[in-house]
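Reader: Hello! Could you help me learn to read how a protein and DNA meet in a model?
Author: Gladly; let us look together.

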2 protein chains.
Amino acid sequence: MSDQSITIGALARAAGTTPATIRWYEGIGMLPAPARSAGNYRLYGPEHVARLGLIRRCRDLGFSLDAVRTLLNRTENEEGDCADITAIARDRLAELDRKIADLTALRRELSRMIDSCAGGTIAACRIVEALSPVSRS
Amino acid sequence: MSDQSITIGALARAAGTTPATIRWYEGIGMLPAPARSAGNYRLYGPEHVARLGLIRRCRDLGFSLDAVRTLLNRTENEEGDCADITAIARDRLAELDRKIADLTALRRELSRMIDSCAGGTIAACRIVEALSPVSRS
DNA sequence: TATGCACCTTACAGCAACTATAGGGTCAAG
DNA sequence: CTTGACCCTATAGTTGCTGTAAGGTGCATA
């Protein structure tokens, strides 16, 4: 093992993920296949650490792997316009806003249902009643 | 087809879902297998409409199918205590709160990244920079 | 030298909760 | 009697991994 290369476990620790995930990224082409040691171990260099780090940061921000793929393609061309990247980020922001609004509405509804229940038997439970479709139409 | 039964398509429309989903629910035991017509069509009665309606309402509120299964079991016993149901609902509420908080934090971070970018080339893009792991350690 | 242990290898199955596709059969209307 | 909307089964694909089985490697310790 050369002094610059690390095993899959070390790379996983460095990026806050697992060897299984890294192998899976390699299989779907998100990470290039690295060199191998005499004993067939994968050997990663700093460029892998950087690329995997970027992938994981994007995933933690909720980007789909497809979006990350596009982002990685764009960043390959340093002279390119960053408008595409901004657009992807803005799409994700809009998606987040939609999701937050949806969940907040659900939260309100569920909270109302819980508050309306005073305990007792299932037959009397206002949550069950609220969930039953007949009570809606 | 008796006057009280409807086909899978009608049931799907009534519950705001699709025939494929209903068949899938039947396969995993969420919905009982209904009677069949002479031509082997599934024939559903009002009890199926009620049960599927409840399932879909719960799913729309973000309950897992597993939680819905438990809910359905509990509601079978009308004299039982509704505490279990309240507990499931409260769990879901807590989960929603966590999720909303997470997404709100992500939204803030992403929004900051977008604001920091003034356009130009990829090399200068602050979003790319913010996503790169080197800028974090 | 042996042996244990942590780590690595591949291949494949499974998770949630559906959705889509292929290749057919049924039913009512025109 | 054909058209078109509907239904049937079986199987594969989706996203992003995670878990399992069955084995090989590398290093420290007895």
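Author: What follows is a short talk about the surfaces near the two DNA strands. This is a predicted model, in which local features need pLDDT of at least 70 and side-chain atom pairs count only at pLDDT 80 or more, while totals for chains, interfaces and linings use all residues. Residues are numbered from 1 along each chain as its sequence is written, chains are lettered from A and ligands numbered from 1 in the order in which they are written, and side-chain values use heavy atoms, with hydrogens and water left out.

Reader: Which residues come nearest to DNA strand D?
Author: A residue is near a strand if one of its heavy atoms lies within 4 Å of it. For DNA strand D there are 18 such residues, and A:Tyr41, A:Arg59, B:Gly9, B:Arg23 and B:Arg42 come nearest.

Reader: And which are the closest to DNA strand C?
Author: Here 17 residues surround the strand, with A:Gly9, A:Arg23, A:Arg42, B:Tyr41 and B:Arg59 the closest.

Reader: What part of DNA strand D lies within 4 Å of the protein, by atoms?
Author: Sugar or phosphate accounts for 82% of those atoms, and bases for the rest. For DNA strand C, the sugar or phosphate share is 81%.

Reader: Which atom of DNA strand D does the side chain of A:Tyr41 approach?
Author: A polar contact is a pair of N or O atoms within 3.5 Å; within protein, one must be able to donate a hydrogen and the other to accept it, and residues adjacent in sequence count only if both atoms are side-chain atoms. A:Tyr41 places a polar side-chain atom 2.8 Å from a base nitrogen of DNA strand D. A:Tyr25 has one 3.0 Å from a phosphate oxygen of that strand. On DNA strand C, a phosphate oxygen is 3.0 Å from a side-chain N or O atom of A:Arg36, and another contact joins a phosphate oxygen to a polar backbone atom of B:Leu65 at 3.3 Å.

Reader: Which helix gives the most to the surface near DNA strand D?
Author: Helices (H or I, at least four residues) and strands (E, at least two) are DSSP runs, numbered from the N terminus. Helix 2 of chain A gives the most, with three residues. Near DNA strand C, helix 2 of chain B has the largest share, three residues.

Reader: How many residues of each class are near DNA strand D?
Author: Ala, Val, Leu, Ile, Met, Phe, Trp, Tyr, Cys and Pro count as nonpolar, Asp, Glu, Lys and Arg as charged, and the others, Gly among them, as polar. That surface has six nonpolar, seven polar and five charged residues.
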